[in-house]
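Trainee: I am new to this one. Please show it to me, and then I will ask about its parts.

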Amino acid sequence: MLYISTRGGISPIPFKDAVMMGLALDGGLLLPQSYPAVSKEQLESWRKLTYPELAYEVISRYVDDIPAAALKSLIHRSYATFSHPEITPLIRRDGVYILELFHGVTLAFKDVALQFLGNLFEYILEERQETLNIIGATSGDTGSAAIHGVRGKKGISIFIMHPLGKTSAVQALQMTSVTDANVHNIAVRGTFDDCQDMVKELFGDLEFKEKYSLGAVNSINWARVLAQVVYYFYAWLRVTDETDVPVSFSVPTGNFGDIFAGYVARRMGLPIETLLLATNENNILTRFINSSDYSLGEVVSTVSPSMDIQVASNFERYLFHLFAENPVRVKDAFTELKEHGRISCSPAEMAQVRTDFCSASIDQESTLQEMRDFYTDTGYLLDPHTAVGVKAALDQLSPDSARICLATAHPAKFSETVEQALGFQAPVPASVQELYGKPTRCEIMDADIHKVREFIVSHIG
Ligand SMILES: *Cc1c(COP(=O)(O)O)cnc(C)c1O
């Protein structure tokens with residue numbers, strides 16, 4: 001399998017090069033040249049597989065430059081860190097299914113992809129005798145999952161900036177309690193945007209980037225999307241073990257990575273009835289799907305902060321397919337976005353969008369209400385991101401279908417909001433309890449690019 005760019009500016013490259021490239025050199029996103037088809041018979045033959053075995057079947061279809069035994073071992077190690085034997089168990093509650101994606105080390109679904117990516121990086125770097133210095137900014141979830149994905153790994157150092165005092169307490173501890181020599185936390189006296197701007201500036205200095213082999217772990221890496229395709233297959237197989245009604249998925253969406261993985265699963269032949277894209281008040285994607293309006297607004301802070309995003313970076317992957325794989329059309333769309341703050345589509349394109357997705361935007365009041373209602377009705381505690389998806393599913397999807405709601409975080413990770421909605425604290429898992437009192441390491445710095453750069457240079461492995 002070879003990989004191409006949505007902007008058409010690179011010649012096709014193999015999987016390992018696509019993983020190391022991250023963002024395509026022409027500024028586009030990397031995609032496989034085709035989606036391998038999975039036949040009905042093949043799908044049936046996967047029923048007995050464990051999660052890691054299924055992951056191997058799905059992932060290996062996109063990887064032909066890592067030997068089978070090595071890829072298997074890498075996948076098994078990635079999911080051995082999960083605390084549930086099924087990795088992503090499916091729970092049935094009151095007319096919906098909850099796909100629990102939060103049994104990884106940092107209690108959010110990002111572990112599913114970043115444990116795999118960390119092992120993949122280590123494998124490729126060792127083979128190539130290279131090193132990598134990962135630099136990133138986080139508002140909480142991605143940074144902690146990335147740190148846990150690469151802690152203690154050979155050939156990799158990681159520098160993660162977070163805004164001091166502006167993440168949840170658990171998120172901060174999940175980062176600063178990692179004291180491995182290759183992990184460097186920087187708490188910036190400033191906002192997430194200050195952190196993000198400094199990362200952009202460091203990557204913009206091409207000489208610096210080259211000299212220090214800088215890399216990123218944000219959600220544009222194809223390997224992250226690929227790892228997430230697996231749980232759509234897994235959940236579909238579990239539901240259809242017991243029923244043959246149509247299967248739909250509701251996906252709380254920010255950067256469009258998670259739901260794009262569902263789109264890929266469907267392109268491979270998985271019979272998904274509806275892909276429901278759920279947003280909070282940051283609803284540009286809902287406006288686009290429902291009223292053809294892709295115009296940029298201001299980012300609003302909500303109780304589901306990991307979805308507080310206006311420009312969803314993975315959306316470009318879908319646009320490439322929507323625009324009949326024409327990179328010129330993709331480039332024109334992003335020029336229009338830059339110059340006029342919007343992207344326009346033809347009526348035929350919009351008709352296609354509405355066959356691919358449906359969408360709903362759930363405001364904060366309804367989110368908190370759903371957390372209360374769902375708990376009252378079922379005794380199950382939803383985190384605020386998952387609640388957005390559950391509310392959207394109950395509003396939009398037929399009760400005659402199997403409505404699978406992706407549970408993207410454990411409620412204890414957002415205990416402040418659980419308390420606001422329900423008046424009590426979410427039970428704290430042992431792994432979180434242990435964080436309190438652990439030694440921590442974190443450099444507190446001003447939002448000063450010169451100081452940050454100096455710190456990075458003096459701590460690079
Ligand atoms: C990252 C994240 C999301 C959004 O996922 P995307 O792939 O960015 O659409 C939703 N919920 C939680 C808890 C997250 O951490």
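## Ligand, pockets and sheet

Trainee: How many nonpolar, polar and charged residues are in the shell around the ligand?
Mentor: The model is predicted: local features need pLDDT of at least 70, side-chain atom pairs count only at pLDDT 80 or more, and totals for chains, interfaces and linings use all residues. Residues are numbered from 1 along each chain as its sequence is written, and side-chain values use heavy atoms, with hydrogens and water left out. Ala, Val, Leu, Ile, Met, Phe, Trp, Tyr, Cys and Pro count as nonpolar, Asp, Glu, Lys and Arg as charged, and the others, Gly among them, as polar. By these classes the shell has five nonpolar, seven polar and three charged residues.

Trainee: How many residues surround the ligand?
Mentor: A residue counts as near if one of its heavy atoms lies within 4 Å of the ligand. Lys-110, Asp-141, Gly-254, Asn-255 and Thr-408 are the closest, and the surrounding residues number 15.

Trainee: How much of the ligand's accessible area does the protein cover?
Mentor: Start with the polar contacts (pairs of N or O atoms within 3.5 Å). Ligand oxygen atoms lie 2.5 Å from a side-chain N or O atom of Lys-110, 2.7 Å from a polar backbone atom of Asn-255 and 2.9 Å from a backbone N or O atom of Asp-258. On its own the ligand has 380 Å² of accessible area (Shrake-Rupley method, 1.4 Å probe), and the protein covers 96%.

Trainee: What is the volume of the largest cavity?
Mentor: A cavity is a set of points, on a 1 Å grid over the protein atoms alone, where a 1.4 Å probe fits but cannot get out; lining residues have an atom within 4 Å of a point. Points are joined across faces, edges and corners, and a volume is the space filled by probe spheres set on them. The search finds one cavity of 30 Å³ or more, and its lining, which includes Thr-253, Met-307 and Ala-312, has five nonpolar, five polar and no charged residues. The volume is about 40 Å³.

Trainee: Which strands are at the edges of the open sheet?
Mentor: Strands are DSSP E runs of at least two residues, numbered from the N terminus, and two of them pair if DSSP finds at least two bridges between them. Five strands form the sheet, in the order 9-6-7-8-16 with parallel pairing. Those that pair on one side only are strand 9 (214-215) and strand 16 (443-446).

Note on methods
A polar contact is a pair of N or O atoms within 3.5 Å; within protein, one must be able to donate a hydrogen and the other to accept it, and residues adjacent in sequence count only if both atoms are side-chain atoms. On a 1 Å grid over the protein atoms alone, a cavity is a set of points where a 1.4 Å probe fits but cannot get out, and a pocket is an open set with protein on both sides within 12 Å along at least five of seven lines; lining residues have an atom within 4 Å of a point. Helices (H or I, at least four residues) and strands (E, at least two) are DSSP runs, numbered from the N terminus.
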